[in-house]
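Visitor: I am new to this model and would like a close look at one part of it. Please take the sheet, and then what lies around it.

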Amino acid sequence: MKKRPEMEYIEKDMEPGRLSLHGYLGDDKRPVEAIIDADRAELKTLGVTCEDIGKKMRHITLKGMEGLGDDVEVDGFTVEVTEYMGWAGCPFKDNKKAGKRLSNVTNNRTGKSMCWTDVGIHLIKDHCFFQGKGSAFRIEPSEIVEFLELKPTVREEELPYTD
């Protein structure tokens, strides 16, 4: 796959210390577009879209924000949202900014926990980017689908996917 020229700048900004302390790629050596393609392919087999995942994550975080740092029960999940000063910019250069928040979420049925950031929600929902393997906030697509207990919303052949 030939890399688009704008991806060079995006990948540079995803390195540690540029837009975030730890960066977005971890120790993953694949180009960003290859990471996205692999994650989309995995979601295609699950029948779930990046938008489905991002919407559910955002819903949980927004409800959790109502707790002002205390635990909140949301649709079978317990969430605690911690807010930090400032904003995080999107490395994909779409002029989106996300609040610096960390959502610690527990699935009350399974007892499993996950955490995510607001910029992580945006990256998943709007760019289908779950971050590189080894990244501090990498979320495996199949794990988040299972964690959120998302059911297939579309047939495999209807999912957006580009080869």
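In what sense do strand β3 (residues 97-107) and strand β4 (residues 113-117) pair, and over how many bridges?

Guide: The two strands, β3 and β4, pair in the antiparallel sense, over five bridges. Two strands count as paired if DSSP finds at least two bridges between them. Strands (E, at least two residues) and helices (H or I, at least four) are DSSP runs, numbered from the N terminus. This is a predicted model, in which residues are numbered from 1 along each chain as its sequence is written, and in which local features need pLDDT of at least 70. Side-chain atom pairs count only at pLDDT 80 or more, totals for chains, interfaces and linings use all residues, and side-chain values use heavy atoms, with hydrogens and water left out.

Within this pair of strands, V105 stands opposite M114 in β4. The connection from β3 to β4 makes a hairpin, with five residues between the strands. One residue of the turn is G111, and its phi is positive, about 80°.

The pair belongs to an open sheet of four strands, which come in the order β1-β2-β3-β4 and pair in the antiparallel sense. The edges are taken by β1 (72-74) and β4; each has a single partner strand, so one side of each is left without a neighbour in the sheet. On average, neighbouring strands of this sheet are turned by 35° against each other, direction ignored. At the β1 edge, β1 and β2 pair in the antiparallel sense over three bridges. There, E73 stands opposite T78 in β2.

Next comes the loop between β2 (77-89) and β3, where K93 is found. N95 lies in the loop between β2 and β3 as well. Most residues other than glycine have a negative phi. K93, which is not a glycine, has a positive phi near 60°. N95 is also not a glycine, and its phi is positive at about 60°. K93 counts as partly exposed because its relative accessibility is 46%. N95 has a relative accessible area of 77%, so N95 is exposed. In these terms, buried means under 20% relative accessible area, exposed over 50%, and partly exposed in between (1.4 Å probe, protein chains only).

Two helices lie across the sheet. Helix α3 lies across β1, β2, β3 and β4, and runs at about 90° to β2. Helix α4 (residues 118-127) lies across β2, β3 and β4, and runs at about 85° to β4. Axes are lines fitted to C-alpha atoms, for helices over the stretch in contact, and angles run from 0 to 180 degrees between N-to-C directions.

From α3 the view can be carried on to another helix. The axes of α3 (residues 50-65) and α5 (residues 141-148) come within 11 Å and cross at roughly 55°. On the α3 side of this contact (heavy atoms within 4.5 Å) are I53, K56, M57 and I60. On the α5 side, the residues they meet are I144, V145 and L148.

One more pair involves P141. The C-alpha atoms of P141 and A41 are separated by 9.9 Å, while the two residues are 100 residues apart along the chain. A41 has its place in helix α2 (residues 32-46). With 27% relative accessibility, A41 counts as partly exposed.
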